[in-house]
Amino acid sequence: MARKFIVGGNWKCNPASAKEANSLLKEWKKGLPNVDKSKVDVVICPPALWMSTLAPSIEGLGMEVCSQNVGKTDAGAFTGEWTAGNLLDLGIKWTLIGHSERRTKYGETDADVAEKVGKCQDIGVNVILCIGETLEEREGG
């Protein structure tokens with residue numbers, strides 16, 4: 001079987017409210033054709049607090065919810081983190097790992113990224129590994 005293409009949209013911390021996010025998805029539903037999942041995986045990465053709330057609307061468009069991040073640990077005393085297992089428990093089968101903002105603003109290292117990828121691979125969460133540059137690097141050539 002040939003590999004499928006993956007198309008993703010990282011919403012970062014946008015839009016400003018869950019209500020606005022739902023409105024956006026309703027507008028998309030009016031204008032977007034259904035996604036042929038046999039040819040392409042389409043993922044949307046909404047803010048973490050809205051992943052479960054928005055999942056039915058995103059899935060109704062033939063797309064899947066993707067986390068913008070995942071912790072490098074298993075369950076435990078890690079305030080504000082979520083694990084690959086937490087994602088699967090919510091029915092979320094995709095995550096971004098290694099985004100340039102996580103690396104530059106939060107000090108994530110290649111070793112951190114590798115740990116996260118390993119945790120996800122161990123339990124079957126699909127990873128979109130980010131290896132891009134910062135805006136400044138991109139603009140600088």
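How much space lies in the largest pocket? About 460 Å³. The model on screen is predicted. Start the tour at this pocket.

**Stop 1: the largest pocket**

Select C13, Q68, N69, R102 and Y106. Of the 19 lining residues, these lie nearest the centre of the largest pocket. Next, colour helix α4, residues 100–106. Helix α4 gives the most to this lining, with four residues. Now colour the lining by class. Eight residues are nonpolar, six are polar and five are charged.

**Stop 2: the second largest pocket**

Move on to the second largest pocket, which holds about 290 Å³ of space. Its lining has 13 residues. Select H99, S100, E133, T134 and L135, the closest of them to the pocket centre. Keep α4 highlighted and add α6, residues 135–140. Each of these two helices supplies at least two residues of the lining. Which helix gives the most here? Again α4, with four residues. Colour by class once more: three lining residues are nonpolar, five are polar and five are charged. Helix α4 is thus a useful landmark for both stops, as top contributor to the lining of the largest pocket and of the second largest pocket.

**Stop 3: α1 against α2**

Hide the pockets. Show helix α1, residues 18–31, and helix α2, residues 51–60. Their axes are 10 Å apart, and the packing angle is about 10°. Are the two helices roughly parallel or roughly antiparallel? An angle under 35 degrees counts as roughly parallel, so α1 and α2 are roughly parallel to each other.

Now bring up the side chains at the contact. On the α1 side, select A21, N22, L25 and K29. On the α2 side, select L54, S57, I58 and G60. By class, this contact has four nonpolar, three polar and one charged residues.

**Stop 4: the aromatic pair**

Stay with α1 for the last stop. How many aromatic pairs does a search of the whole structure find? One. Select W11 and W28 to see the pair. The ring centres are 5.8 Å apart, with 80° between the planes. The geometry is edge-to-face.

Then trace the backbone between the partners. W11 sits in the loop between β1, residues 5–10, and α1. W28 belongs to helix α1 itself. The two are 17 residues apart, and the pair links distant parts of the chain.

Key: Residues numbered from 1 in each chain as written. Predicted model: local features only at pLDDT ≥ 70, side-chain atom pairs only at ≥ 80, totals over all residues. Heavy atoms only, no water. Axes fitted to C-alpha atoms, helices over the stretch in contact; angles between N-to-C directions. Parallel < 35°, antiparallel > 145°, perpendicular 65-115°, else oblique. Contact = heavy atoms within 4.5 Å. Nonpolar A, V, L, I, M, F, W, Y, C, P; charged D, E, K, R; others polar. 1 Å grid on protein atoms, 1.4 Å probe; cavity = no way out; pocket = protein on both sides within 12 Å on 5 of 7 lines; lining within 4 Å. Points joined across faces, edges and corners; volume = space filled by probe spheres on them. Phe/Tyr/Trp six-rings, centres within 6.5 Å; stacked < 30°, edge-to-face > 60°.
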